[in-house]
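Let's take a friendly tour of a protein chain, from its overall build down to a few individual residues. Have the sequence and the 3D view open as you read.

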Amino acid sequence: MELLTGITARRVPTERLTMNVLERAGDRPDGIPVVLVHGNVSSSLFWQETMQALPPEYRVLAPDLRGFGQTDTVPVDASRGLRDFADDLHGLLEALHLTPAHVVGWSMGGGVAMQYALEHPVLSLALQAPVSPYGFGGTAGPEGRRLTEDDAGTGGGGANPDFVARLEAGDTSDDAPAAPLSVYRSTYVHAGFESPHEHIWVESMLSTKTGPDNYPGDSVPSQNWPGFAPGRRGVLNTMAPGVFNTSAIVDLTDKPDILWIHGDSDAIVSDASFFDLNCLGKAGVLPGWPGEETAPLQPMVSQTRAVLEKYAANGGRFTEVLLENCGHSPHLEYPERFIDELTAHIGRSSARA
């Protein structure tokens, strides 16, 4: 595990499991608590540059979620949606006496952050390229209507088996589209983006624990296209719409300020994501697509916007920042802008309190 200057790691026992946490050397114990939650097929390593750049008055930490990085590899109960991860995070913050905190979530980590806020007080939420409040795949319209009762086409069965095999093998090459390095370059960041730490980001991806209990999870047969539905175990199944729905944040009594920051060239979370199998069906990549009426594309960004607009209508506050020529990782691609927006957001939230 390669750490950048000033970043330290330790394993913290909690009542649920032992979690690996990155911290900044020299942060004051009473600093403003800021927690950075990584996304799927990644780990805390992706946050290191952000941690280095955040103001010194913050106490910054970035945990590895279960089955990622150096945290314990324990099964993910997908029947609970993302609650296993959210409960683990709460156990960690309780163990470190850091509740409440400003919670920053990236991609799947944005879903973890929203789930956490449904159940525990937070000082603020920052959602970077977050999964839709209605899950990943299998829904339609800004209201997140489920397409089938079994959420066909979502979950563990949708993972690329070549990509999973390359994760298991620790592949660091770029000799195939499914190689983790190739996936990082083509989907995590915008075209042409370069980083001197690319090898660390790939190391982070390769820390993903694979199998039916972790990534990607299991699946079951379905009579609906494309022939499978999510199982009850593993990471991808946690975001099936039948088990994950955080749209209830609009009804929170105490509404934390929300920052929503995302890119206009995001290949993973968009209104036409090629990680949505219905999009692949429409494009002819997957055969037998039954058409728009039965299997429309999920408008992921539009769903998030609709929920946040209702959040504001119900008395909450949110700020949307859309970055041009930016992919799925604003904190990597435009770090100065990301830091400026995040620190301004935390400042607004602190002033409000």
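Before we start, one cut-off is worth knowing: a residue counts as buried when its relative accessible area is under 20%, and as exposed when that value is over 50%. Keep in mind, too, that you're looking at a predicted model.

**The overall build**

Let's begin with the whole chain. Its secondary structure comes to ten helices and 14 strands. The C-alpha trace spans about 55 × 50 × 40 Å along its principal axes. For 353 residues, a compact globule would have a radius of gyration near 20 Å, and this chain's value of 19 Å agrees with that.

How much of the protein chain counts as buried? The answer is 60% of the 353 residues. Contacts tell you about the fold as well: of those with a separation of 6 or more, 70% are between residues 24 or more positions apart.

On the outside, the chain exposes about 13600 Å², and carbon and sulfur atoms supply 50% of that area. As for charge, there are 24 positive and 45 negative side chains, with the centres of the two sets 5 Å apart.

**Rings that meet**

Now for the aromatic side chains. A pair of aromatic rings is described by the distance of the centres and the angle of the planes. In this model, the count comes to eight aromatic pairs. Take Trp47 and Trp106: their ring centres are 6.1 Å apart and their planes sit at 75°, so the pair is edge-to-face. The two are 59 residues apart, and the pair links distant parts of the chain: Trp47 is in the loop between strand S3 and helix H1, while Trp106 is in strand S5.

Are these two tryptophans buried or exposed? Trp47 is buried, with a relative accessible area of 0%, and Trp106 is buried too, at 2%. Both belong to one aromatic cluster, which is formed by Phe46, Trp47, Trp106, Tyr184, Tyr188, Trp201 and Phe338.

**Some backbone oddities**

Most residues other than glycine have a negative phi, and most peptide bonds are trans. Here are four spots in this chain to look up:

| Place | Feature | Value |
|---|---|---|
| Val41 | positive phi | about 50° |
| Ser107 | positive phi | about 60° |
| Tyr215 to Pro216 | cis peptide bond | omega near 5° |
| Trp225 to Pro226 | cis peptide bond | omega near 5° |

Where do you find them? Val41 lies in the loop between S3 and H1, and with a relative accessible area of 4% it is buried. Ser107 is in the loop between S5 and helix H3. Is Ser107 buried or exposed? Its relative accessibility is 11%, so Ser107 counts as buried.

The two prolines have their own settings: Pro216 lies in strand S10, whereas Pro226 lies in the loop between strand S11 and strand S12.

**A buried aspartate**

Our last stop is Asp87, which has its place in helix H2. At 17% relative accessibility, Asp87 counts as buried. Which residues is Asp87 in contact with, leaving aside its neighbours within four places in sequence? They are Arg16, Arg80 and Glu119.

Technical notes:
Residues are numbered from 1 along each chain as its sequence is written. This is a predicted model: local features need pLDDT of at least 70, side-chain atom pairs count only at pLDDT 80 or more; totals for chains, interfaces and linings use all residues. Side-chain values use heavy atoms; hydrogens and water are left out. Rings of Phe, Tyr and Trp (its six-membered ring) pair if their centres lie within 6.5 Å; planes under 30 degrees apart count as stacked, over 60 as edge-to-face and the rest as tilted. Helices (H or I, at least four residues) and strands (E, at least two) are DSSP runs, numbered from the N terminus. Buried means under 20% relative accessible area, exposed over 50%, partly exposed in between (1.4 Å probe, protein chains only). The radius of gyration is taken over C-alpha atoms; the globule rule is 2.2 Å times the number of residues to the power 0.38. Contact means heavy atoms within 4.5 Å. Accessible areas come from the Shrake-Rupley method with a 1.4 Å probe; for residues, only the protein chains shown count as cover. Lys and Arg count as positive and Asp and Glu as negative; His and the chain ends are not counted. The place of a charge is taken as NZ of Lys, CZ of Arg, CG of Asp or CD of Glu.
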